[in-house]
Amino acid sequence: MGFDPKKVIEWGMSLPLMSNERGIMAAFGIYAAMNFNEFFFSTVSKIMHMAKEEDALEIENKLYQAVLDCAYYTFHGARTSVDWQDYIAPMIKTKEDELLALVAFTNIFGVGYINVVDLIPGEKLVTEVKNAYDPPRYIEEFGIQKRARCYMFAACTAACMDLVYGPKFPNGIGTFKAKEVLCIAKGDPICRFIATPKNT
Amino acid sequence: MDYIPKIRFEPDKNLLYMDEIPISLHCHHFNCGLINAIEAIDYFDAIEIYINEAAKCFYEYFKNILTIKNYSVNKALSIAQDIYRFMGYGRIDLSELINGYGTATSDSSYFVVGWFAIYGNRDKPVCYLTRGFIKAIVAAIFDIDINVVKVVETQCMICGNDFCEFKVSLIEGG
């Protein structure tokens with residue numbers, strides 16, 4: 001793992017991510033917006049706690065899918081951009097470098113720091129997050145949770161594997177499925193995610 | 001712009017702040033996907049929860065800005081428009097809002113372009129977050145209880161209208 005993820009973060013920080021005259025922030029083929037972290041937490045947590053068990057699971061799956069779409073298309077847009085080609089691509093020598101670069105790219109959106117802890121090329125990716133916004137808020141508001149709550153990082157972990165080891169874009173989405181095996185909201189010391197091929 | 005929020009990023013933690021409030025950047029797939037997921041619930045009003053939680057966050061944020069400096073009503077409304085645009089939600093005209101009543105219009109909407117890009121047109125307005133935003137701004141600027149501010153999107157570009165329109169009023173007896 002010779003690739004330095006910090007270079008991607010430095011690059012990301014230099015991007016002029018600003019809305020235009022019409023208030024639209026278009027970048028990498030997607031529309032971005034700034035959201036209050038508390039807004040997502042308070043909305044989703046309240047709805048999850050009010051929904052019937054089966055509906056809560058369905059909502060969770062839909063949110064996972066929404067983030068998977070978000071990450072898959074945004075990260076692909078980034079890696080095919082002229083800026084990426086100029087600055088990041090020359091540092092990428094292997095698929096594993098590209099995987100590390102894409103995970104590092106997650107670390108410019110303000111969602112908490114995601115770190116690669118294990119990678120078996122084409123088979124498994126393990127990531128960890130220590131400072132996601134939602135888990136401590138879940139504990140504050142609702143106590144220790146029975147289920148893991150960080151669908152956002154799970155989907156990002158899977159999307160990175162989809163882009164690097166899945167079929168060529170746009171056909172690779174959903175090739176991998178990630179599960180959050182440890183979550184601070186459940187009382188675990190860290191949030192840990194494992195992505196493996198969906199059909200295993 | 002009358003007001004430019006201060007953005008601070010902590011690269012070692014991947015934490016982003018706007019005027020020291022934690023924020024994050026998300027794309028239309030997630031923002032519209034969230035709406036799509038919760039609109040399906042039919043035994044409680046999940047959309048009302050979404051609107052009210054958005055309103056609470058915007059209210060806390062905007063009230064703080066108003067506390068720091070004593071802006072006139074017109075200036076405060078103009079600042080709110082700037083913040084809305086800065087955050088990437090589109091372009092909105094709040095200048096016709098007076099004492100908790102009036103009409104706001106938007107000729108450019110993040111949720112309209114985002115929803116259209118994924119799902120296409122629809123019959124129902126989609127700018128729920130904007131309703132929460134307006135609710136908060138009206139409550140903060142005109143010093144009104146946020147719970148009595150009512151915002152209805154009476155027309156939306158996603159339905160084929162030329163612009164989005166939001167009617168603002170106060171709930172009777174509030």
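A residue counts as exposed here if 12 or fewer other C-beta atoms lie within 10 Å of its own, and as buried if 20 or more do. With that settled, here is how chain A looks in this predicted model.

Starting with the overall fold, chain A has seven helices and six strands, and from the N terminus on they run α-β-β-α-α-α-α-β-β-α-α-β-β. The radius of gyration comes out at 17 Å, close to the 16 Å that the globule rule gives for 200 residues, so chain A is as compact as a globular protein of that length. Taken along the principal axes, the box filled by its C-alpha atoms is roughly 50 × 45 × 30 Å. Of the 200 residues in the chain, 50% are buried. As for contacts with a separation of 6 or more, 59% of them link residues 24 or more positions apart.

Now for helix H1 of chain A, which spans residues 5–13. Its buried residues are A:Pro5, A:Val8, A:Ile9, A:Trp11 and A:Gly12. Looking down the axis of H1(A), these buried residues fall within an arc of 160°, so they line one face of the helix. The spacing fits a general rule: an α-helix has 3.6 residues a turn, so residues three or four places apart point the same way.

What sits over that buried face? The cover includes two other helices of chain A, H4 (82–87) and H5 (95–106). On the other side of H1(A), A:Lys6 and A:Met13 are exposed.

Conventions
Residues numbered from 1 in each chain as written. Chains lettered and ligands numbered in written order. Predicted model: local features only at pLDDT ≥ 70, side-chain atom pairs only at ≥ 80, totals over all residues. Helix = DSSP H or I, 4+ residues; strand = E, 2+ residues; numbered from the N terminus. Arc of directions from axis to C-beta. Contact = placed C-beta atoms within 7 Å. Rg over C-alpha atoms; globule rule 2.2 N^0.38 Å.
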